[in-house]
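Subject: Structure for your review

Dear colleague,

Please find below the structure I am handing over to you. My account of what was found in it follows directly after.

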Amino acid sequence: MFESTQRQWQTLRSSPPGERFRCYHEQRLSGRSGTLRRWLMLTAGLILAVIGLIMLPAPGPGMLVLLVAACVMARESRSVADALDRAELAGRRLWKRLQRTGDSV
């Protein structure tokens, strides 16, 4: 179990930005898994997302739970993986823009 988790984390860390979650999803596709398991994991991800939204006002844990939920859903759904890749690139562009703005002040 820990080897599998470590391999999944390694895939997320080593993949280039904008392709990270697609590679993560494709890694899951390389293993055998049934339709029932896929739907159970998507449901678990959705439940975690709702819990994360409820916990969002608390500092810290809400964002962490939302991140875990996104990863669970991206592993099972290509469209979620693609959306997270786009969101990562947009977040990186925003971060660079904010850094440039802070440097000029």
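A salt bridge here is a side-chain nitrogen of Lys or Arg within 4 Å of a carboxyl oxygen of Asp or Glu. By that criterion, Glu19, Arg22, Glu26, Arg78 and Asp82 are joined in a network of salt bridges. Please note that the model is predicted.

Overall architecture

The chain contains five helices and zero strands, and its pattern along the sequence is α-α-α-α-α. Along the principal axes, the C-alpha atoms occupy a box of roughly 55 × 30 × 25 Å. Of the 105 residues, 28% count as buried.

The salt-bridge network

The structure has seven salt bridges. Within the network, Arg22 and Glu26 are paired at 3.2 Å, N to O. Both belong to helix α2 (residues 20-30) and stand four residues apart, about one turn of the helix. Glu26 also meets the side chain of Arg78, at 3.7 Å, N to O. This second pair links distant parts of the chain, with Arg78 in helix α5 (residues 78-104) and Glu26 in helix α2, 52 residues apart. Arg78 in turn forms a salt bridge with Asp82, with the closest N and O atoms 3.2 Å apart; these two residues both lie in helix α5, four residues apart.

How accessible are Arg22, Glu26, Arg78 and Asp82? Arg22 has a relative accessible area of 21% and is therefore partly exposed. Glu26, at 34%, is partly exposed, as is Arg78 at 38%. Asp82 counts as partly exposed because its relative accessibility is 24%.

Helices α3 and α4

Helix α4 (residues 61-76) has 16 residues, which at 1.5 Å a residue should span 22 Å; its end C-alpha atoms are 23 Å apart, in agreement with this. Its buried residues include Val65, Ala69, Val72 and Met73. Val72 lies 9.5 Å from Thr43, C-alpha to C-alpha, although 29 residues separate the two in sequence. Thr43 is in helix α3 and is partly exposed, with a relative accessible area of 40%.

Helix α3 (residues 35-55) also holds Val50, which counts as partly exposed at 44% relative accessibility. Together with Leu46 and Ile54, Val50 makes a nonpolar surface patch of about 310 Å².

Aromatic residues

The structure has zero aromatic pairs. The charged end of Arg38, however, sits over the ring of Trp39, 5.8 Å from its centre.

With kind regards

Notes
Residues numbered from 1 in each chain as written. Predicted model: local features only at pLDDT ≥ 70, side-chain atom pairs only at ≥ 80, totals over all residues. Heavy atoms only, no water. Phe/Tyr/Trp six-rings, centres within 6.5 Å; stacked < 30°, edge-to-face > 60°. Lys NZ or Arg CZ within 6 Å of the ring centre and 35° of its normal. Expected span 1.5 Å × (residues − 1). Buried < 20%, exposed > 50% of the residue type's maximum accessible area, 1.4 Å probe, protein only. Patch = residues over 30% accessible without salt bridge, like charges linked within 9 Å, V, L, I, M, F, W, Y side chains within 5 Å. Areas by Shrake-Rupley, 256 points an atom, 1.4 Å probe, with all protein chains shown as cover.
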